[in-house]
Amino acid sequence: MTLPRLNVYRHDRGARALVTLAGVIDPVTAPRVRAAPERCLRDGITLIDVDLTTVDRCDGSGLSVFLDVSEHAAGTQASLLLHHPSPQTERLLMDTGCDGLLHPTRPGGPRPQRA
């Protein structure tokens, strides 16, 4: 038996949802990543917090999902925020100018600014 490459957990509190991802975000798992926040939007959630603490790796396909869902959320007066990315994922977001998706603070203080 093989273990899933990505686990997705959702916890709602009123109009806010916490989506926790665990594993790898790549072209194979990107559809599962997309499905969770899109389902939140269909359910009327207006603030989606995505916890990336246990994401081992996120590539460009994951970035594309987060950008698409963020745009969709904005069109419905909702927001998507990413929390606790790995250094690799944070670099990907910063290097592509997508760090606006990150929660404004991180453990240990504010996140580094783009050069």
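What is the order of the four strands in the open sheet, and what is their pairing? In this predicted model, the order is β1-β2-β3-β4, and the pairing is mixed. Strands β1 and β4 stand at the edges with a single partner strand each, so each has one side without a neighbour in the sheet. From one strand to the next, the twist averages 20°.

**Sheet**

Eight bridges join β1 and β2, which pair in the antiparallel sense. One bridge partner pair is Asp-12 with Ala-17, the latter in β2. Helix α3, residues 87–95, packs on the sheet and touches β3 and β4; its direction makes about 115° with that of β3.

Strand β4 contains His-83. With a relative accessibility of 12%, His-83 counts as buried, because the cut-off for buried is under 20%. Leaving aside residues up to four places away in sequence, His-83 touches Asp-49, Val-50, Asp-51, Leu-52, Thr-53 and His-103.

**Helices α1 and α2**

Helix α1 covers residues 30–42. Its 13 residues should span 18 Å at 1.5 Å a residue, and the end C-alpha atoms are 18 Å apart, which agrees. Helix α2 has 16 residues; the distance from its first C-alpha to its last is 23 Å, close to the expected 22 Å.

| Helix | Residues in helix | Expected span | Span in model |
|---|---|---|---|
| α1 | 13 residues | 18 Å | 18 Å |
| α2 | 16 residues | 22 Å | 23 Å |

Which residues of α1 are buried? They are Ala-30, Val-33, Ala-36, Pro-37, Glu-38, Cys-40 and Leu-41. An α-helix has 3.6 residues a turn, so residues three or four places apart point the same way. The cover over the buried residues of α1 includes strands β1 (6–13), β2 (16–25), β3 (47–58) and β4 (79–83), together with helix α2 (60–75). After α1 comes Gly-44, with a positive phi near 90°.

In α2, the buried residues are Ser-61, Gly-62, Leu-63, Val-65, Phe-66, Val-69, Ser-70 and Ala-73. Their cover includes β2, β3 and β4 as well as helices α1 and α3. Just after α2, Gln-77 has a positive phi of about 65°.

Ser-61, in helix α2, gives one point of contact between the two helices: it touches Ala-30, which is one of the buried residues of α1. Ser-61 also touches Asp-26 and Pro-27, again not counting residues up to four places away in sequence. The C-alpha atoms of Ser-61 and Ala-30 are 6.3 Å apart in space, although 31 residues separate them in sequence.

**Cysteines**

Are Cys-40 and Cys-58 buried or exposed? Cys-40 counts as buried, at 0% relative accessibility. Cys-58 is buried too, with a relative accessible area of 2%. A disulfide is a covalent bond between the sulfur atoms of two cysteines. With a cut-off of 2.5 Å between the sulfur atoms, the model has zero disulfides.

**Confidence**

The chain has a mean pLDDT of 88, and 86% of its residues reach 70 or more. Among the elements of the chain, α1 has the highest mean pLDDT, 97, and strand β6 (residues 109–110) the lowest, 48. The pLDDT is below 50 over residues 106–110, a stretch that has five contacts in the model beyond near neighbours in sequence.

Note on methods. Residues numbered from 1 in each chain as written. Predicted model: local features only at pLDDT ≥ 70, side-chain atom pairs only at ≥ 80, totals over all residues. Heavy atoms only, no water. Helix = DSSP H or I, 4+ residues; strand = E, 2+ residues; numbered from the N terminus. Expected span 1.5 Å × (residues − 1). Buried < 20%, exposed > 50% of the residue type's maximum accessible area, 1.4 Å probe, protein only. Contact = heavy atoms within 4.5 Å. Pairing = 2+ DSSP bridges. Axes fitted to C-alpha atoms, helices over the stretch in contact; angles between N-to-C directions. pLDDT = per-residue confidence, 0-100.
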